[in-house]
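Here is a short report on a two-chain model. Read it with the structure open beside you.

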Amino acid sequence: MSTSQAVFAGWMEIPNSAVNQDARSQTEQTAAEEATLVALVSQYAGTLYRVAFSVLRNPADAEDAVQEAFLRVLRHRDTLDEVRDRRVWLIRIVWNIVLDRKRRAKTRPETDDVTELARVLPHSGLSAEEIASAAQHHAHVLACVDQLPAKERQVLMLSAFEELSSVEIATVLDISESSVRSRLFRARNLMAGLLKHERQ
Amino acid sequence: MKPSEENTMINLAARRADRDTGRETGEDTLRLIAQLPAPEGIEDRVRAELRAAPRRARVLSWPAALRSDSPWMRSAAAAAIVFVVAGGGWGVYSRVQQPQLARVIVMPPRVAAPGSFSSAAAIRTPNTLNGPVVANPVTVKPVTETTPAQVVQKPVKRVQPGTAAAQPVAAAAK
């Protein structure tokens with residue numbers, strides 16, 4: 001009878017040294033995973049927050065989304081070693097979370113974007129009137145962005161992040177790079193048309 | 001060229017093109033939002049949240065040989081699956097019997113009760129072998145022979161003696 005069969009049969013005890021070794025290696029592995037996770041939080045929390053805020057436009061919701069993204073990473077930390085580009089992988093996770101939240105929040109009343117934007121956006125050296133005017137302009141632009149078809153809107157929003165290349169945007173959206181470029185082209189044309197139409 | 005540099009170049013080119021054509025695409029607003037700094041202490045809050053998150057529940061620490069990713073356990077699991085499938089199939093096969101097709105109905109031999117008369121090898125013949133008995137049989141009337149008197153004589157067309165149709169009849173009469 002082999003060792004494993006004996007263990008199954010229940011008459012042979014597992015040696016303590018083997019158990020201790022297992023426990024020790026497991027503890028070491030857990031500690032390494034936690035260290036990796038902490039490093040990921042320090043490195044990418046800011047980036048993920050900005051991605052989340054660009055869609056949700058609410059600081060509290062954006063922070064919640066970032067926390068949820070890292071909780072998902074915690075649940076799947078066993079597979080962290082298999083991830084090739086962790087930054088893009090994390091952006092993809094938070095992107096899916098914010099899109100899901102945005103979809104669910106459609107039934108809720110829209111927040112006052114103008115007031116929120118006036119509060120959040122940088123306005124150094126501007127008068128109160130100019131701040132209000134700028135916030136109104138930005139809110140108008142964002143309203144036009146919301147009118148775009150989903151595919152074009154998503155590409156346009158992600159292209160605003162200068163640290164994301166078109167290849168990375170393609171990875172986040174799970175499409176080809178040529179699709180990213182064509183959608184971006186369409187989005188820009190549509191936005192130009194919408195803004196021109198609104199101005200007239 | 002780094003990805004960020006490449007994207008910056010793309011955006012700069014797009015911005016320049018927009019400025020040249022005098023059209024606005026609103027990307028400045030999106031870029032402004034994308035560059036907003038994250039709030040202070042977000043990393044600490046996320047870390048605290050992760051620390052408070054429930055760990056993986058591990059009541060038992062299994063030895064390495066019994067972990068699901070060991071090859072021994074995999075082959076054992078595969079053997080168990082094969083055993084269960086084969087055993088189940090055999091169980092079903094052994095319980096389900098093929099229905100026998102009855103070709104001949106065997107009548108039980110008639111045994112005379114003790115002390116009574118024997119049947120003298122008389123075989124009871126079922127009535128069905130004699131065919132059904134019709135209560136009111138339909139009687140078919142026989143076809144009767146037609147008498148010469150009943151032959152209907154066809155009316156003879158009267159023909160004028162001088163016409164062409166009367167000639168052959170006249171010749172035959174001769």
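Two residues are in contact if their C-beta atoms, placed from the backbone, lie within 7 Å. The model is predicted: local features need pLDDT of at least 70, side-chain atom pairs count only at pLDDT 80 or more, and totals for chains, interfaces and linings use all residues. Residues are numbered from 1 along each chain as its sequence is written, while chains are lettered from A and ligands numbered from 1 in the order in which they are written.

## The two chains

Chain A holds nine helices and zero strands. Its pattern along the sequence is α-α-α-α-α-α-α-α-α. Chain B has five helices and zero strands, in the order α-α-α-α-α from the N terminus. Helices (H or I, at least four residues) and strands (E, at least two) are DSSP runs, numbered from the N terminus.

Burial is set by counting. A residue is buried if 20 or more other C-beta atoms lie within 10 Å of its own, exposed if 12 or fewer, and partly exposed in between; the C-beta atoms are placed from the backbone. Of the 200 residues of chain A, 29% are buried. Of the 174 residues of chain B, 6% are buried. Take the contacts in chain A between residues at least 6 apart in sequence: 60% of them join residues at least 24 apart.

## The largest nonpolar core

A nonpolar core is a set of buried Ala, Val, Leu, Ile, Met, Phe, Trp, Tyr and Cys residues joined through C-beta atoms within 7 Å. The largest one has 48 residues. Those touching the most other members are A:Leu48, A:Ala52, A:Ala65, A:Val66, A:Ala69 and A:Val94. Helix H2 of chain A (residues 16-56) gives the most to this core, with 11 residues. The core lies between domain 1 (26-110) and domain 2 (125-200) of chain A, because both give residues to it. Those bounds come from an automatic or database domain assignment.

Which residues does A:Ala52 contact, leaving aside its neighbours within four places in sequence? They are A:Ala62, A:Ala65, A:Val66, A:Val94 and A:Val98.

## A:Phe70 and the meeting of two helices

A:Phe70 sits in helix H3 of chain A. It is buried, because 24 C-beta neighbours lie inside 10 Å. Its C-alpha atom is 8.8 Å from that of A:Leu40, 30 residues apart along the chain. Beyond neighbours within four places in sequence, A:Phe70 contacts A:Val41, B:Val46 and B:Leu50.

H3(A) also packs against helix H3 of chain B (residues 42-52): the axes come within 10 Å and cross at roughly 45°. H3(A) is therefore oblique to H3(B). From H3(A), the contact uses A:Glu63, A:Val66, A:Gln67, A:Phe70, A:Leu71 and A:Leu74. From H3(B), it uses B:Ile42, B:Val46, B:Glu49 and B:Leu50.

Axes are lines fitted to C-alpha atoms, for helices over the stretch in contact, and angles run from 0 to 180 degrees between N-to-C directions. Angles under 35 degrees count as roughly parallel, over 145 as roughly antiparallel, 65 to 115 as roughly perpendicular and the rest as oblique.

## Helices H4, H7 and H8 of chain A

Helix H4 (residues 86-104) and H8(A) pack at about 45°, with axes 9 Å apart. That angle makes H4(A) oblique to H8(A). A:Val88, A:Ile91, A:Arg92 and A:Trp95 in H4(A) meet A:Glu168, A:Thr171 and A:Val172 in H8(A). Buried residues in H8(A) include A:Ser166, A:Ile169 and A:Ala170.

Helix H7 (residues 150-159) of chain A is largely enclosed by the rest of the structure, because seven of its 10 residues are buried. Among them are A:Glu152, A:Gln154 and A:Met157.

## Two positive phi values

Most residues other than glycine have a negative phi. Two loop residues of chain A are set out below with positive values.

| Residue | Phi | Loop | C-beta atoms within 10 Å |
|---|---|---|---|
| A:Arg57 | near 55° | between H2 and H3 (59-75) | 19 other atoms, partly exposed |
| A:Asp174 | near 60° | between H8 (166-173) and H9 (177-199) | 9 neighbours, exposed |

A:Asp174 comes just after H8(A).
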